[in-house]
Amino acid sequence: MLNFGLTQLSALLAAKKISSAELTGEFLERSKSLNPDYNAFITLNEETSLAQARAADAMIAAGQAHALTGIPIAQKDIFCTKGWLTTCGSRMLSNFISPYDAHVIERFNAAGAVNIGKTNMDEFAMGSSNETSFYGPVRNPWDSTAVPGGSSGGSACAVAARMAPAATGTDTGGSIRQPAALCGISGLKPTYGLVSRYGMIAFASSLDQAGPMAKSAEDLALMLNVMTGFDARDSTSLEREPEDYTRDLEKPLEGLRIGLPKEYFVKEINDDVARAVEAAIAEYRKLGARTVEVSLPSTKLSVPVYYVLAPAEASSNLSRFDGVRYGYRAPEYTDLNDMYRKSRAQGFGAEVKRRILIGTYVLSHGYYDAYYIQAQKLRRLIAQDFIEAFKQCDIIMGPTSPTVAFNLGEKSSDPVQMYLSDAYTIAVNLAGLPAMSIPAGFGNQNRPVGLHIIGNYFAEAQMLNVAHQYQRATDWHVRMPIPLET
Amino acid sequence: MSLSLDDVKRVSNLARIEISEDEVRTALAQLSDIFGLIQEMQAVNTSVIKPMSHAQDVMQRLRADVVTEIDQRESFQSIAPKVESGLYLVPKVIE
C-alpha cells in the first residue's frame with residue numbers, strides 16, 4: 001500500500017477498506033522509523049496529523065470527499081502552516097510557530113488532505129543539495145552517501161522512500177525538478193502565477209513557484225488540481241478558469257513534436273545521464289512522437305543571469321528578518337544596528353549570507369546598471385529563445401541535471417560548482433515556463449536520472465499527458481530504493 | 001573588475017550582517033569566484049533590449065480601498081522576541 005498511487009489510495013478510502021487514520025498511521029510509522037537515518041522531515045506532529053485524518057474520515061462518511069480527502073501529504077517547511085513550526089530550514093525561524101496558513105496549505109486543508117509533516121530543505125530554499133539546512137542534510141534514499149538534491153530535498157526523499165505518497169515543493173531555479181530527478185520521483189513546476197505564493201516564504205519573488213512532487217504524472221495532476229487557482233493575496237496570481245489537469249492524460253502521443261535543444265547535449269552532460277535520456281527519447285519515438293532539433297542560444301547565460309537576479313530579490317526579501325517582530329534575535333547586542341547585525345549574522349547560514357551579499361552588491365550604487373539591468377535584459381533573450389523554439393515543437397526535452405546525485409560534501413565548499421548543477425533548470429524559471437522531471441532510469445552507481453520536460457506557457461495538462469504515456473510504457477517511476485524494500 | 005576586502009565590508013554593513021576579519025577573507029574568495037561566473041554576462045551587447053522584470057507581462061491588479069485585515073496583534077506578538085504592552089521592544093534609538 002505504501003507504493004500505491006493517489007487514485008488507488010482514494011479508492012480504498014472511498015470503499016472504506018481503510019480509514020484515513022489507519023492510512024496516516026502507516027505512513028507516520030514508516031516516517032518515524034526512517035527519519036533518523038534520512039532526515040527528510042524537520043517536524044512530525046503525530047497527534048495533529050491523526051486529528052486531521054479523523055476529520056477526513058468524517059468527511060468521507062458524510063459523502064463530502066474530494067480526490068485527496070484523507071490522503072497524507074508532506075509539506076515543504078517553506079509553507080506557513082498555522083500552529084506548526086515553520087522554519088524554512090533556517091535558525092532564523094527555528095522558533096517560528098506560524099500564526100496563519102499559506103494559500104497552498106489552505107487548499108489542501110479544504111480538500112481534506114492530511115498534513116503528515118514538514119519537510120527538510122536548503123535554508124530559505126537556497127541550495128541544490130539540501131546541505132545548507134540548519135537541521136542538517138537529507139540523505140538520498142537510493143544511496144545514503146549521496147545528496148537528495150535541493151532545495152526541496154526533504155520532500156523528494158519522503159516520496160522516494162515512501163514516507164508520504166506525495167509532497168509539495170517550491171522551485172526558484174530547479175528546486176522541485178532537480179531533487180525529483182536525483183531521488184527518482186516526478187515533480188512539476190507550474191507556469192509562473194498559477195499557484196499563489198501567499199504564505200510561501202519568499203526567496204526570489206519573480207521566480208518562486210510552488211508545485212507538486214509525487215511518484216507519477218497522474219498523481220501530480222491530482223495535486224495540481226488542488227494547488228492552482230486565483231488568490232487575490234498574491235499580486236502575481238493569475239485569474240484563469242480552473243482546469244482539470246487529468247483531462248488529457250490518456251491522449252495518444254502520435255504526431256507529438258519533441259524539441260531537442262542542441263545546447264543541452266554537449267560536454268557538460270555526463271555520459272550516463274546522456275544515455276538514459278537518449279533511451280527515454282527513443283521510447284517516445286516508439287510511442288509515435290518525432291524529434292526536431294531546436295536551439296536555445298542564450299541558455300549558457302542563464303546561470304550568471306540567475307545569480308544576479310535571484311540574490312538581488314533575496315537580499316530585498318530577506319531584509320524582513322531583523323529580530324524585531326518574529327524569528328531569531330541575538331542574545332547580546334549594544335544598540336539597534338548591532339542587534340540587526342548580530343541577529344542576522346547568527347540567524348542566517350553561510351549560503352544565505354553569501355547570496356544576500358551578492359544581491360546587496362549588484363543593487364548598490366554604481367553597479368545597478370552593469371549587473372541588475374544587464375541581467376534583466378538577458379532574461380528577455382533567454383525567454384525569447386523558448387518562444388522561438390516552441391514555434392517548431394510542442395514540448396522540449398533534455399536532462400534535468402547534468403549528473404546523477406553527487407556525494408554529500410562533494411560540492412558544498414565550492415559554490416560555483418554547486419550553482420552549475422542547475423544549468424538545465426534555471427532558464428525555465430527565468431522565462432516563467434512550466435517544466436517537470438520524471439524518472440528515466442539509472443546512471444552511475446545505480447543513482448536515478450531525470451528526464452526534463454519543458455512545456456509552453458499553461459501547457460501543464462499536455463506535459464502531464466506526455467509524462468503519463470511514458471509512465472504507462474515504462475516502470476522506472478514505480479521502482480523503490482532498494483535498501484528500503486526489505 | 002575585482003572585489004576588494006573593503007567592498008565586502010561595505011556590502012556586509014549595507015546588508016546589516018556582522019562579519020569577522022576571517023569571514024571577510026573567505027567571503028572575498030568565494031564572491032570573487034561567483035562574480036567570475038557572473039562576468040560572462042558582460043560579453044553580450046544588450047543596448048536595444050528591454051529589461052524583463054517579471055515572468056508574465058501583466059499589469060498590477062488594483063483593489064478597492066477597503067479594510068481587509070482583522071486585528072491579530074495578540075497572535076502576532078505572541079511569537080515576537082520582545083514585547084511589552086502591545087509594543088515591539090528594540091534598543092533605545094533616540095536619547
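Q: Is A:Asn39 buried or exposed?
A: This is a predicted model, and A:Asn39 sits in its loop between α2 (20-38) and β1 of chain A. The cut-off for burial is 20 or more other C-beta atoms within 10 Å. A:Asn39 has 21 such atoms within 10 Å, so the call is buried.

Q: What is phi of A:Asn39, a residue other than glycine?
A: We're still in the loop between α2 and β1 of chain A. The residue isn't a glycine, yet its phi is positive. For A:Asn39, phi is near 60°.

Q: Which loop residue between β10 and β11 of chain A is A:Asn446 by burial, buried or exposed?
A: A:Asn446 belongs to the loop between β10 and β11 of chain A, and it has a positive phi of about 55° although it is not a glycine. Exposed takes 12 or fewer other C-beta atoms within 10 Å. A:Asn446 has 11 of them, so it comes out exposed.

Q: In what sense do strands β10 and β11 of chain A pair?
A: As general background, strands of a sheet pair through backbone hydrogen bonds, either parallel or antiparallel. Here β10 covers residues 435-442 and β11 covers residues 448-454 of chain A. One pair of bridge partners is A:Ile438 with A:Leu451 in β11(A). Over six bridges, the sense is antiparallel.

Q: Which strands of chain A are the edge strands of the open sheet?
A: Eleven strands make up this open sheet, with mixed pairing, in the order β1-β3-β2-β4-β6-β5-β10-β11-β9-β7-β8 of chain A. The twist averages 35° from one strand to the next. An edge strand pairs on one side only, and that picks out β1 (41-43) and β8 (290-294) of chain A.

Q: How many bridges join β7 to β8 of chain A?
A: Strand β7 spans residues 257-261 of chain A and runs parallel to β8(A). A:Arg257 stands opposite A:Arg290 in β8(A). The number of bridges joining the two strands is five.

Q: Which helix makes a β-α-β unit with β7(A) and β8(A)?
A: The two strands run parallel. Together with a helix at residues 271-286 of chain A, they make a β-α-β unit that is right-handed. That helix is α8.

Q: How many of the residues of β6(A) are buried?
A: β6(A) pairs in the antiparallel sense with β4(A) over six bridges, with A:Asp171 opposite A:Gln209 in β6(A). β6(A) also pairs in the antiparallel sense with β5 (residues 186-189) of chain A over two bridges, where A:Gly187 stands opposite A:Met213. The strand is mostly covered, and its buried count is six of six.

Q: At about what angle to β4(A) does helix α5 of chain A run?
A: Helix α5 takes in residues 153-160 of chain A. It lies across β1, β2 (72-76), β3 (114-119), β4 (166-171) and β6 (209-214) of chain A. Relative to β4(A), α5 runs at about 155°.

Q: Which peptide bond of chain A is cis, with omega near 10°?
A: Look in the loop between β3 and α5 of chain A, where A:Ser151 is found. The bond in question leads into that residue, with omega near 10°. It's the one from A:Gly150 to A:Ser151.

Q: Why is α15(A) largely enclosed by the rest of the structure?
A: Helix α15 runs over residues 460-473 of chain A and reaches 20 Å from its first C-alpha to its last, close to the 20 Å expected at 1.5 Å a residue. Its buried residues, including A:Leu464 and A:Tyr470, pack against β5, α7 (217-227), α8, β9 (395-399), β10 and β11 of chain A. It is largely enclosed because its buried residues number ten of 14.

Q: Which helix gives the most to the side of chain A that touches chain B?
A: At this interface 52 residues of chain A are in contact with 40 residues of chain B. Helices α9, α10, α11, α12 and α13 of chain A each supply at least two residues of that side. By class, the side has 31 nonpolar, ten polar and eleven charged residues. With eleven residues, the top contributor is α12(A).

Key
Residues numbered from 1 in each chain as written. Chains lettered and ligands numbered in written order. Predicted model: local features only at pLDDT ≥ 70, side-chain atom pairs only at ≥ 80, totals over all residues. Contact = placed C-beta atoms within 7 Å. Helix = DSSP H or I, 4+ residues; strand = E, 2+ residues; numbered from the N terminus. Nonpolar A, V, L, I, M, F, W, Y, C, P; charged D, E, K, R; others polar. Pairing = 2+ DSSP bridges. Axes fitted to C-alpha atoms, helices over the stretch in contact; angles between N-to-C directions. Right-handed = clockwise from strand over helix to strand, strands pointing away. Expected span 1.5 Å × (residues − 1).
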